Amino acid sequence: MQPSLSKLRKIFSLEAKRQYDNRAVIGGLEQMLPGWAAEARAEDVNEPLVHTIVAQLRNYDTLEPEYRAVAINNVWARIERETGTNTAPGSGRANTQSFQVRRAPVAKRETPTPAKKAARGKKTAPAAPKKRAAKAPKSEDPPAPKPAAKGAAQRSKPAARRAKIEGEPAALDASTTVLTGVGPVNAERLEKLGIYTLGDMLYHFPRRYDDYSQLLPIRQLKYGQVVTVIGTVKSKSRHGPPRGKQVFEIVVDDGTAALRAIWFNQPWMYKNFREGDEVVLSGKIDQYLGRLTLSSPEWELVEDEEAAADTQHTNRIVPVYPLTADIRQRWLRGLMKKVVSYWAPRLPDMLPARLLTSAGLLPYADALQQVHFPDSQEQLEAAKLRLAFNELFLLQLAVLIQKRIWQGETARQFTPAASWLEAQTARLPYTLTAAQQTALADLLGDMASGRPMNRLLQGDVGSGKTVVAALCMALVAAGGAQAALMAPTSILAEQHYASLSKLLAGEGGPLAPGEIRLMIGATSKPEKDEIKAGLADGRIKLIIGTHTLIEDPVVFDALELIVIDEQHRFGVGQRAALRSKGNNPHLLVMSATPIPRSLALTLYGDLDVSVIGELPPGRQQVSTHVMAPRQVERAYNYIRQEAAAGRQAFVIYPLIEEGESSLTKAAVAEHARLSKDVFPQLKLGLLHGRMNAEDKDKVMSAFRDGKTDVLVSTTVIEVGVDVPNATVMLIEGANRFGLAQLHQLRGRVGRGSDQAYCILVPDSEDAMENERLTALARTHDGFLLAEIDLQQRGPGQFMGMAQAGFGDLQLAMLTDTRLIDKARRQAESLLAADPDLSQPEHTAIAAALIHYTRDGKGDLS
């Protein structure tokens, strides 16, 4: 073995011992690659092998530890095949599995730097104006400057929620315990909110705002108004038994009239006021015993003019922060005021002045101050806009750079002969639609370009995406290479295997039956071993499976095309792990959930997009109706009529068993009731997620083969179940499903030539006006429904933001197409002028971008 490969073996061995923390070599594995590659080439190491090693380890730092282990094992397996060795790195023994995939240990908080220690020795913000404000929660240290508590530095701290700005004060990394009034107890409480440091406090944004900025004389007050008043305490009193429910009240006079302020069951409030105190009260005007009152208002004592002008809780637009147990709003708001007032003005702005002017944005420091303690509604909106722009701008830079990098790679070219393509399309059981032909042309163009395809193929349920992907997989197989299709569930993988076997390995097909295989969790170990051997030596050309495809030690001989179905169900790490098993393979991701334009520009902004926007000939739109629970017998009649005509039906429930919700019907109990009382002459099947794979397969096979008339199920059939003979989809408790989910369920019927029906039955009569149900009945446009669903539920639930590979978006809305467009234009303009972000005025942006994408694990799509 050449010295360069022996060196790599030692590095891999050390990396495994360090549990894949990317510190086996200084700077990380990806930093040593150029030097190592030069060394390997000088030793005449096989060039394809060098290229493969560099390609698979180039993004090593972006992978999670589990997938770093997978990448290293794949590289070493390739080295063993090329060199004829079979030795684990650094072990001297036979290599059955080079490295164990181990979880990385929870990172400890870093050792305090001198800057942090200095920060902890003093107060980090000026003292608040003198006033008798709300006290910190009990059992807490006295409010005095002090060093950080022992043990605070050892508590585990998650990744920062913000993109750090180059040049920001190091003291922002100081623990919250440097603040007056924050000891170990309150520090732990703040940590439950994700607040570990002063910097975290700046980005703990309010969840809403109460506008108390309208100061009115007491005589002008009216019931129901939200107001602020300033007056003098004329009297105070409390009523009720000492140990029972008590009422505390003060009477405040501003010279125009008097007003009572009342607090229920807060006896400690008595000590906060004295007769003659000037007080600011804010709240909603209520009635108590026939008189106008302020019930439990926000309050502050005013002892001088300066304090009156700097109120935190009253006489202004007041921030309301997310809380946790034992933290009071007033206490946290006071703490935030100190930190924001002192530190926000000291933060640099990562955006150059030219860009701020071009985009019409507030300076960063002003935006941070205004989003916490706004001077007006206009300033609040401008602050939110600036901070949201920051998030979207970094996101756009990330996807655009990722797209440019991917386009700069090389990949194997696949160009079909005209006669081959004509022969394959002629074998199809139907003629491709114009939309399918356009999408196929896009894909074939990518695969002939010499650059890796990186494309999203989206189309509504039943639009024919799979057959387009199948032709590309056949092309790769015809070229002697391999393709892999990864599906999120075993049922969907089996569905693909059945349809692709018929399509590609049938009579006259481009593949032999043994060249297409299925590997899922239920596959037996002997069969898995056989499949893995076939993949390693190239005998298997097309593998269809679930997450088992990314498990070590699945090794491919020449993986050149990856197809990922329902791709939003896979995490970034899973997609990257499968991609790492090839040498810059072509990547096609498919989604039957139509993706709104705003998400296509953001979460999928690094992908080229093809849309199949029409259904195959002969497909009819599914007739959709909303029925009240009392009308469900009509739905049962539909099912009886269709069954009598030899057709089948689905009945869907949101729960598996009763007890999960007292109001919602459940599949198991309803299956028994329907079998006995409603459809005694029909054969019913039951399917749900708690069944083992073998039982699921039996139930689905029986339904596909027409042995059962009605399939009672949960949403386990949402994706990929293809039964052309099914014509009725009855969804009980339909108001409990998301709109995209309902659209997917509806897509399970109407896949044949017969008219199909989707019947939506909500839990109650009151839910009949549910917006999702009426929208589904009104339109079949998947893109319109996706936009509505995105507006209602947000992108986190719509596509799974945790899967997308970005840091959290705190203020940006992925429904704000106008701001997304603005951010994208500015990002494109910046990269056109400075592609590497190397100009001095852009170094802060480059640093923030590195921090922003680091937590997203890279490989955006």
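**View 1. Pairing of strand β2 with strands β5 and β3.** In this predicted model, Val 226 has Lys 284 of β5 as its bridge partner. The two strands concerned, β2 (residues 226–239) and β5 (residues 278–288), run antiparallel and are joined by seven bridges. Strand β2 also pairs with β3 (residues 247–253), again in the antiparallel sense and over seven bridges. Within that pairing, Lys 236 stands opposite Ile 250 of β3.

**View 2. The open sheet of seven parallel strands.** The strands follow the order β11-β12-β10-β13-β14-β9-β15, and their pairing is parallel. The edges are occupied by β11 (516–519) and β15 (608–612); each has a single partner strand, so one side of each is left without a neighbour in the sheet. From one strand to the next, the twist averages 20°.

**View 3. Strands β9 and β14 within the open sheet.** Strand β9 (residues 454–459) runs parallel to β14 (residues 586–591), and five bridges join the two. One residue pair may be followed here: Leu 456 has Val 589 in β14 as its bridge partner. In a regular strand, side chains alternate between the two faces of the sheet.

**View 4. Helix α15 across the sheet.** Helix α15, formed by residues 465–478, lies across β9, β10 (482–486), β12 (542–545), β13 (559–565), β14 and β15. Relative to β13, the helix runs at about 170°.

**View 5. The surroundings of His 496.** His 496 is found in helix α16. With a relative accessible area of 5%, His 496 is buried, because it falls under the 20% limit. Leaving aside residues up to four places away in sequence, His 496 touches Thr 466, Leu 485, Ala 487, Ser 501, Ile 544 and Asp 565. Of these contacts, Asp 565 lies 69 residues from His 496 along the chain, and the C-alpha atoms of the two are separated by 9.8 Å.

**View 6. The second largest pocket.** Rolling a probe the size of a water molecule over the atoms shows where empty space is left. The second largest pocket holds about 1,100 Å³ of space. Its lining comprises 33 residues, and Tyr 430, Ser 499, Arg 619, Asp 722 and Arg 751 are those nearest the centre. The elements that contribute two or more residues to this lining are α15 and α16 (490–504). Helix α16 gives the most, with nine residues. By class, the lining of the second largest pocket has 14 nonpolar, eight polar and 11 charged residues.

Terms used. Residues numbered from 1 in each chain as written. Predicted model: local features only at pLDDT ≥ 70, side-chain atom pairs only at ≥ 80, totals over all residues. Heavy atoms only, no water. Pairing = 2+ DSSP bridges. Helix = DSSP H or I, 4+ residues; strand = E, 2+ residues; numbered from the N terminus. Axes fitted to C-alpha atoms, helices over the stretch in contact; angles between N-to-C directions. Contact = heavy atoms within 4.5 Å. 1 Å grid on protein atoms, 1.4 Å probe; cavity = no way out; pocket = protein on both sides within 12 Å on 5 of 7 lines; lining within 4 Å. Points joined across faces, edges and corners; volume = space filled by probe spheres on them. Nonpolar A, V, L, I, M, F, W, Y, C, P; charged D, E, K, R; others polar. Buried < 20%, exposed > 50% of the residue type's maximum accessible area, 1.4 Å probe, protein only.
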